[in-house]
Amino acid sequence: MSMLDTSAPTQPFFLGTFASNCSGGMSVTKIPERWVSSWDNNLQLARLLDDAGIDFMLPIARWIGYGGETNFHGSVLETITWATGLLAHTRNLTVFATVHTTANHPVVVAKQLATMDQIGRGRVGLNIVAGWNKPEYEALGLTLPDDHTTRYGYAQEWFDIVKALWERDEAFDWDGTYFKLKNVLGDPRPPSRPPILNAAGSEEGRKFAVRNADFLFTPAIDLSRSKDEIAALKQQAIDAGSSVEVLTFSHVVCRPTEREAQAYLEHFARANADWDAVDNLVRLQFAHAQSFPHDLLSLIRDRMAAGHGGFPLTGTPEQVADGLTALHAAGFRGSTLSFVDYAEEFPYFRDNVLPILEERGVRVAPAPAQSAA
Ligand SMILES: Cc1cc2nc3c(=O)[nH]c(=O)nc-3n(C[C@H](O)[C@H](O)[C@H](O)COP(=O)(O)O)c2cc1C
């Protein structure tokens, strides 16, 4: 069963990782030890996370890089195959696939996820992306509608088909605005619906997320804003007759002393940031997406270099635990973590930060981990 089951909430604050399938991970840096997103590195990381009781891994679906000296996110493992491999090699983690609706036919995706659900014994999740990165759509020969109403209208019909294939036990025809299907049947079907994630920022996108997703993913830039934003989203969900949990993403630089952590941040995210790639990333985000608040540009530019806009967790284990505790107190139900070198740095976090969170009741220690095959 998925560790992200919100109907039996045993974990106060979920933890996962984000973007380990992408070159550079979440750090737009030129330093030579930046993350190499090879299969071997991902497998090593997944086994560490699985054994430590971390709840999930979330990949980014990306088809072109952001340029600059490093071509940040130029080398990316495809997420359906990545997740399938990881599910086969782990026992406890939920592993998400991230899917662009326009680039992936819903009948194919419904069956891919049903297959993955068997391989992972109920541990697969789906992150739905309705599209924002215009040059990427051009690279694929696809048209990204300029207006969010069409983007999310398409995504809604796409997901309605996926759900119908997962739920209906008789073949059906579909006569919609974007899809005409004849005599389709989902077989096999997952016994229960995999957790759905969506990271919309726009008003139309959030309506979609609240209606369809178990988890809405949003940046945590200013926690006093986040508190109100989360309360509003939860109310919006109640008004729509559903419920939603809100997750965010954080970047960890954890060292025995604050001075060491700050020095490392300065090294990889200031002195050696790939600023051309950062500026491309910020420009594209601001042109086509509404995920980050547009009035906080300079703060966001710095945070883009360090952790793709993620909440900064920089300092001693106590300080990092304080940051995660503050996210929990603001109403977030969980966060992803990223590190410059995930596999190298995660064990220090595991041994020094997780016990503090457990002591504070922010995390519940997992049942003794089963070792992966
Ligand atoms: C945590 C997070 C994960 C995301 N993952 C992806 C992804 O893998 N691929 C992608 O193209 N967009 C991704 N996005 C973009 C969102 O799906 C969405 O398109 C974007 O935030 C713009 O929101 P809007 O469509 O409401 O303007 C992600 C955004 C966030 C905040």
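User: What makes the approach of histidine 100 to the ligand a polar contact?

Analyst: In this predicted model, a polar side-chain atom of histidine 100 lies 2.7 Å from an oxygen atom of the ligand. The cut-off for a pair of N or O atoms is 3.5 Å, and therefore the pair qualifies as a polar contact.

User: Which backbone atoms of the protein also lie at such a distance from an oxygen atom of the ligand?

Analyst: A backbone N or O atom of alanine 199 is 2.9 Å from a ligand oxygen, and a backbone N or O atom of glycine 201 is likewise 2.9 Å from a ligand oxygen. Both values fall within the 3.5 Å limit, so both pairs count as polar contacts.

User: How do you know how far the protein covers the ligand?

Analyst: Taken alone, the ligand exposes 620 Å², of which the protein buries 96%. The space that the ligand takes is the largest cavity. Elements giving two or more residues to the shell around the ligand are β3 (94-100), β4 (124-129) and α5 (148-167).

User: What is the make-up of the shell around the ligand, and which residues come nearest?

Analyst: The shell holds 11 nonpolar residues, eight polar residues and one charged residue. Of the 20 residues around the ligand, Arg62, His100, His148, Tyr152 and Ser202 come nearest.

User: Why is arginine 62 called buried or exposed?

Analyst: Arginine 62 is found in the loop between β2 (56-58) and α2 (79-88). Its relative accessible area is 9%, and because buried means under 20%, arginine 62 is called buried.

User: What makes the pairings of arginine 62 with tyrosine 66 and glutamate 136 polar contacts?

Analyst: The side chains of arginine 62 and tyrosine 66 are joined at 3.4 Å, while the side chain of arginine 62 meets that of glutamate 136 at 2.8 Å. Both distances are within 3.5 Å, so each pairing is a polar contact.

User: How do asparagine 42 and glutamate 344 stand, buried or exposed?

Analyst: Asparagine 42, in helix α1 (residues 39-52), has a relative accessible area of 0%; this is under 20%, and therefore asparagine 42 is buried. Its side chain reaches the backbone oxygen of serine 38 at 2.9 Å. Glutamate 344, in helix α12 (residues 342-352), has a relative accessible area of 61%; this is over 50%, and therefore glutamate 344 is exposed.

User: How far apart are glutamate 344 and leucine 45 in sequence and in space?

Analyst: Glutamate 344 and leucine 45 are separated by 299 residues in sequence, and their C-alpha atoms by 8.8 Å in space.

User: What is notable about phi in asparagine 183 and histidine 308?

Analyst: Phi of asparagine 183 is positive, at about 55°, and phi of histidine 308 is also positive, near 55°. Neither residue is a glycine. These values merit mention because most residues other than glycine have a negative phi.

User: Why is each of these two residues, asparagine 183 and histidine 308, called buried or exposed?

Analyst: Asparagine 183, in strand β6, has a relative accessible area of 59%, which is over 50%, so asparagine 183 is exposed. Histidine 308, in the loop between α10 (297-307) and β10 (311-315), has a relative accessible area of 8%, which is under 20%, so histidine 308 is buried.

User: What kind of peptide bond joins aspartate 187 and proline 188?

Analyst: The bond is cis, with omega at about 10°. Most peptide bonds are trans. Proline 188 is found in the loop between β6 (180-184) and β7 (196-198).

Methods
Residues are numbered from 1 along each chain as its sequence is written. This is a predicted model: local features need pLDDT of at least 70, side-chain atom pairs count only at pLDDT 80 or more; totals for chains, interfaces and linings use all residues. Side-chain values use heavy atoms; hydrogens and water are left out. A residue is near a molecule or strand if one of its heavy atoms lies within 4 Å of it. A polar contact is a pair of N or O atoms within 3.5 Å; within protein, one must be able to donate a hydrogen and the other to accept it, and residues adjacent in sequence count only if both atoms are side-chain atoms. Accessible areas come from the Shrake-Rupley method with a 1.4 Å probe; for residues, only the protein chains shown count as cover. On a 1 Å grid over the protein atoms alone, a cavity is a set of points where a 1.4 Å probe fits but cannot get out, and a pocket is an open set with protein on both sides within 12 Å along at least five of seven lines; lining residues have an atom within 4 Å of a point. A molecule sits in a cavity or pocket if more than half of its atoms lie within 2 Å of its grid points. Helices (H or I, at least four residues) and strands (E, at least two) are DSSP runs, numbered from the N terminus. Ala, Val, Leu, Ile, Met, Phe, Trp, Tyr, Cys and Pro count as nonpolar, Asp, Glu, Lys and Arg as charged, and the others, Gly among them, as polar. Buried means under 20% relative accessible area, exposed over 50%, partly exposed in between (1.4 Å probe, protein chains only).
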